[in-house]
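Please walk me through this model stop by stop. I have it open in a viewer and would like to know what to select next and what is there.

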Amino acid sequence: MRRKIDEIQMARNSVMEAVPEMLQNKKSEQGKTSSAKEEKKIQTEDANQKTDENIKESGQISLQESRYDHKIHLLSVIGEVEGHECLSANTKTTKYEHVLPKLAEIEDSKEVDGVIVLLNTVGGDVESGLAIAEMIASLSKPTVSLVLGGSHSIGVPLAVSTDYSFIVPTGTMVIHPVRMSGTVIGAPATYDYFKQMQDRILSFVENHCHAKMDRLEEMMMNTGMLTKDLGTILVGPEAVEEGLIDKVGGINEALQKLHEFIEQRKN
């Protein structure tokens, strides 16, 4: 009997000794879990802050958590395409010195599966716009563009530079002759230079869409639409009918097409 009582007492003492250790282990585990949650929260906040900074500085963002597990880079061309001189602080601009290095990084990155380009631009510097368009066209990654408010002037080559293009029903595209600001020398060589620059633009557009050179020149020199300028305004479905844009659609259609291209490339 005495032996049983001693065994019970020993078992009780063992349990009493183990309880503080168990409580300590539980607290330690809770501390680790809490620490991990805090660390994850900080990482998420840092990632969100970095994303906000990227959008603010360059209008770009990486869509990491896509529905098809594809990593997509979003590039926006907004306002005026800035050239070799800085525009005023009141003007919304897309800076080619931000865009070109990013496109080079995208091409060489294994973290990016495709690129979607959002366009709402009045145009801008011809050399800079063509440089961006050529870079987009030369990417090996799948690319899709979406014209929102408008893609005017040098925005036309940018819109057609991708593998597939969309325009919203109310989006517009303006095709007009090349303009030059500042001092212009009234000599035949100046007009030859204008013609050469226009041919470069139209040649690029023709090579990256279904429109033909003759029709593009006809729309560019149209005198019956703009009261103070030559050119043609195309709204939504009209841009598709002319062969500039592939299809009328919005962001859902554009992303679906890009995911489709990415899957085709992987398979």
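**The whole chain**

Of the 267 residues in the protein chain, 38% are buried. The model is a predicted one. Show the cartoon first: the secondary structure of the protein chain comes to eight helices and nine strands. With the surface switched on, the accessible area of the protein chain is about 16,300 Å², and carbon and sulfur atoms account for 52% of that. Among contacts between residues at least 6 apart in sequence, 67% join residues at least 24 apart.

**Colour by confidence**

Next, colour the protein chain by pLDDT. Its mean is 82, and 75% of the residues reach 70 or more. Select helix H1, residues 2-58: confidence is lowest here, at a mean of 59. Then select strand S6, residues 164-167, where confidence is highest, at 97. Where pLDDT is low, the predicted coordinates should not be read in detail.

**The nonpolar cores**

Hide the surface and select Leu103, Ile132, Ile175, Val205, Leu216, Leu244 and Ile245. These residues belong to the largest nonpolar core, which has 42 residues, and they touch the most other members. Several elements give two or more residues to this core, among them strands S2 (72-82), S4 (114-124) and S7 (172-175). Helices on that list include H2 (96-108), H3 (126-137), H5 (188-207) and H6 (213-220).

Centre on Ile245. Leaving aside residues up to four places away in sequence, Ile245 touches Val147, Ala159, Ser165, Phe166, Ile167, Met173, Ala239 and Val240. Apart from the largest core lies another core, of 14 residues; Leu74, Leu118, Phe261 and Ile262 are among them.

**Ser165, one of the contacts of Ile245**

Move to Ser165, which lies in strand S6. Is Ser165 buried or exposed? Its relative accessible area is 3%, so Ser165 is buried. Beyond residues up to four places away in sequence, Ser165 touches Ser145, Ala159, Leu244, Ile245, Asp246 and Lys247.

**Helix H2: Lys102**

Select Lys102, found in helix H2. Its relative accessibility is 25%, so Lys102 counts as partly exposed. Which residues does Lys102 touch, not counting those up to four places away in sequence? They are Gln60 and His73. Draw a distance from Lys102 to Gln60: the two are 42 residues apart in sequence, and the C-alpha to C-alpha distance is 9.3 Å.

**Helix H8: Gln256 and Lys266**

Go on to helix H8, residues 251-266, and pick Gln256. At 30% relative accessibility, Gln256 counts as partly exposed. Its contacts, not counting residues up to four places away in sequence, are Arg67 and Tyr68. Gln256 and Tyr68 are 188 residues apart along the chain, yet their C-alpha atoms are separated by 9.7 Å.

Stay in the same helix for a salt bridge. Lys266 pairs with Asp113, the closest N and O atoms being 3.9 Å apart. What does this pair tie together? Lys266 lies in helix H8 and Asp113 in the loop between H2 and S4, so the pair ties together parts that are 153 residues apart in sequence. Asp113 counts as buried, at 15% relative accessibility.

**More salt bridges**

How many salt bridges does the structure hold? There are nine. Two further ones are worth a stop.

- Lys195 and Asp199: their side chains meet in a salt bridge of 3.0 Å, N to O. Both residues lie in helix H5, four residues apart, about one turn of the helix. Lys195 is partly exposed at 43% relative accessibility, and Asp199 is partly exposed at 27%.
- Glu218 and Arg215: the closest N and O atoms of this salt bridge are 3.0 Å apart. Both residues lie in helix H6, three residues apart, about one turn of the helix. Arg215 has a relative accessible area of 29% and is partly exposed. Add Glu242 to the selection: salt bridges that share partners join Arg215, Glu218 and Glu242 into one network.

**Last stop: a surface patch**

Turn the surface back on and select Met225, Ile233 and Val235. These residues form a nonpolar patch on the surface, with about 210 Å² of accessible area together. Val235 is placed in strand S8, residues 232-235. With a relative accessible area of 33%, Val235 is partly exposed.

How values were computed:
Residues numbered from 1 in each chain as written. Predicted model: local features only at pLDDT ≥ 70, side-chain atom pairs only at ≥ 80, totals over all residues. Heavy atoms only, no water. Patch = residues over 30% accessible without salt bridge, like charges linked within 9 Å, V, L, I, M, F, W, Y side chains within 5 Å. Areas by Shrake-Rupley, 256 points an atom, 1.4 Å probe, with all protein chains shown as cover. Salt bridge = Lys/Arg side-chain N within 4 Å of Asp/Glu carboxyl O. Buried < 20%, exposed > 50% of the residue type's maximum accessible area, 1.4 Å probe, protein only. pLDDT = per-residue confidence, 0-100. Core = buried A, V, L, I, M, F, W, Y, C linked by side-chain atoms within 4.5 Å. Contact = heavy atoms within 4.5 Å.
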